[in-house]
Every structure is written in C-alpha cells, then in structure tokens.
Amino acid sequence: MEIDVFTLFPGAFAWFEQQRHVRNALAHGHRLGYVNYRDHTPLSAGQVDDTPFGGGAGMVLRVDAVEAALRARYGCDPASLAGAGRRVIALTPGGRLLDEGIADSLATERALTLLCGRYEGFDQRVLDHFATDQLSIGRYVLAGGELAAMVVCDTVIRKLPGALGRAESAIEESFSRALGGAPEYPHYTRPAEYRGWRVPDVLLSGHHARIREWRLDESRRRDSGAGAADGSLP
Ligand SMILES: C[S@@+](CC[C@H](N)C(=O)[O-])C[C@H]1O[C@@H](n2cnc3c(N)ncnc32)[C@H](O)[C@@H]1O
C-alpha cells in the first residue's frame, strides 16, 4: 500500500515511523510519504490559510493551496482523483466515525491519501471536490489532523501483511470477526497472585476448551456493557 499524508507538519510523524509495525510494513514494500502544503502553495511567503468569508475567528486552509499540493504529488487535476479510484480522505471532526470495519476496508486499498487540516479546518470546496471521504477519530476537536492521520495509518498499517510480528495477533482481537465484533476478553500474566488479586483459576487449569469458553463468555459480557470500566465517566 502507498499512503500519502498531506500536512503542514510532516515532522510530527517521525515518532510514528519508528514504531515496529510501521517499520515492518515499510520493509515489506509498503510506502508512507508526506507532502507539505506549504512547499507547493501558489501564494507568497508560504501562505496556505486565510480569514473566513462572513467573518469569525480563526483561519481556513485555502482550496488553492490544497489543490497545488495535490497537483504537485499526482500531476493531475485533484478533482479527477475520485474518478480514478483513489481514496482521498479528509480528516474532519464531523466526518464518518472511524471503526474497525472502515479500517478493514481501507486496508484493502492499493493507495490512500490523507488530508490533515489545521486552524478552523478546510475550505468546504476541498471537501466537496477533492475528498472522497471524511473521517473522524471521535467526537472531539483536536488542534490538527496529524494525530487523526496517525490513528488511521496505525490501524490500517497493522492489518497489512508483514506489519505484525505474529499475524495471528490481529485475527482474534477486539471487534474482530473471530469474536463476533465484541471487545476482547481479559488477559493476565505472571505473577498468578499479586496483592491478593488472583488470576482466574480457569486460566491456570491448562484445560483449553474451558479456557476458550471462558474467554468467549467474557468477550460477550464486555460487549453487553457488563465488563466496561467507564461507569464513572459523566
Ligand atoms: C481545530 S480543528 C478544526 C475544527 C473545526 N473548526 C470544527 O469545529 O469542526 C483543525 C483540524 O484538526 C483535524 N481534526 C480535529 N479533530 C478531529 C477529529 N476528531 N477527527 C479527525 N480530524 C480532526 C481536522 O483535520 C481539522 O481540520
């Protein structure tokens, strides 16, 4: 897969690129590249944003600056990218909420383009004419699209062949088909008892069928909300 991230802060991805699953994926031939809007803007002094028509606080990422960056990378009118079958995903707080199903579908693409916003966000014409999708990582507002793009890349990249040291890890985990879309069951490791907190006996029994049954029960229990640990949040 080839992923292009359009951003004003390519340096933000340095840590992300060092993560083992990302390094593994890149070593397997997948590609992660960055385009800085500022490097291609047709405006002077690296300008990429402007004040909103109609007034209001903040600055808006200009459509001509985004178009210039997309043209520089793809050598065509970015309004034609969707027709050419390319997924151009704008990160927006109000977009479709990212979930495991969307990540599965993105992981089957040959190429992805991620557009990171900043300031007040994109001029609406970027979303209307260049983007094929708008994705949100949650109903809250971040300062910029970089963290959101890393979240999308992270969940997609770990699904790519060669990314995980043990591919089985991704087969049975939270929201996977193997668990019927439910959250994963609890895990424990040594010591078997700590401060009087004991690991469930079944996990120490060596009885594989009973362990399996216990895990599936726990997963279903969590799915029903019984195992959730967020009860104290408002
Ligand atoms: C400060 S936000 C803009 C918020 C915008 N004025 C609004 O109220 O919807 C700047 C950029 O951060 C990114 N962003 C912020 N929150 C996000 C979220 N929850 N999911 C995806 N991207 C987000 C988007 O790229 C957005 O253009």
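The C-alpha centres of domain 1 and domain 2 sit 38 Å apart in what is a predicted model. Domain 1 runs over 2–157 and domain 2 over 171–223, with bounds taken from an automatic or database domain assignment. Local features here need pLDDT of at least 70, side-chain atom pairs count only at pLDDT 80 or more, and totals for chains, interfaces and linings use all residues. Numbering starts from 1 along each chain as its sequence is written.

On to the inside. The largest nonpolar core (buried Ala, Val, Leu, Ile, Met, Phe, Trp, Tyr and Cys residues joined through C-beta atoms within 7 Å) holds 41 residues. Buried means 20 or more other C-beta atoms within 10 Å of a residue's own, with C-beta atoms placed from the backbone. Val-66, Ile-89, Leu-91, Leu-114, Leu-115 and Ala-149 have the most contacts inside this core. Its largest share, seven residues, is supplied by H7, a helix in the DSSP sense (H or I runs of at least four residues; strands are E runs of at least two; both numbered from the N terminus).

Leu-91 turns up again at the ligand. The shell there counts 20 residues, and Leu-91, Gly-117, Gly-121, Gly-145 and Ala-148 are the closest; a residue qualifies if its C-beta atom, placed from the backbone, lies within 6 Å. Strand E5 gives the largest share of this shell, four residues. Beyond neighbours within four places in sequence, the contacts of Leu-91 (C-beta atoms, placed from the backbone, within 7 Å) include Gly-117, Gly-145 and Ala-148.

Conventions:
A residue is buried if 20 or more other C-beta atoms lie within 10 Å of its own, exposed if 12 or fewer, and partly exposed in between; C-beta atoms are placed from the backbone. Two residues are in contact if their C-beta atoms, placed from the backbone, lie within 7 Å.
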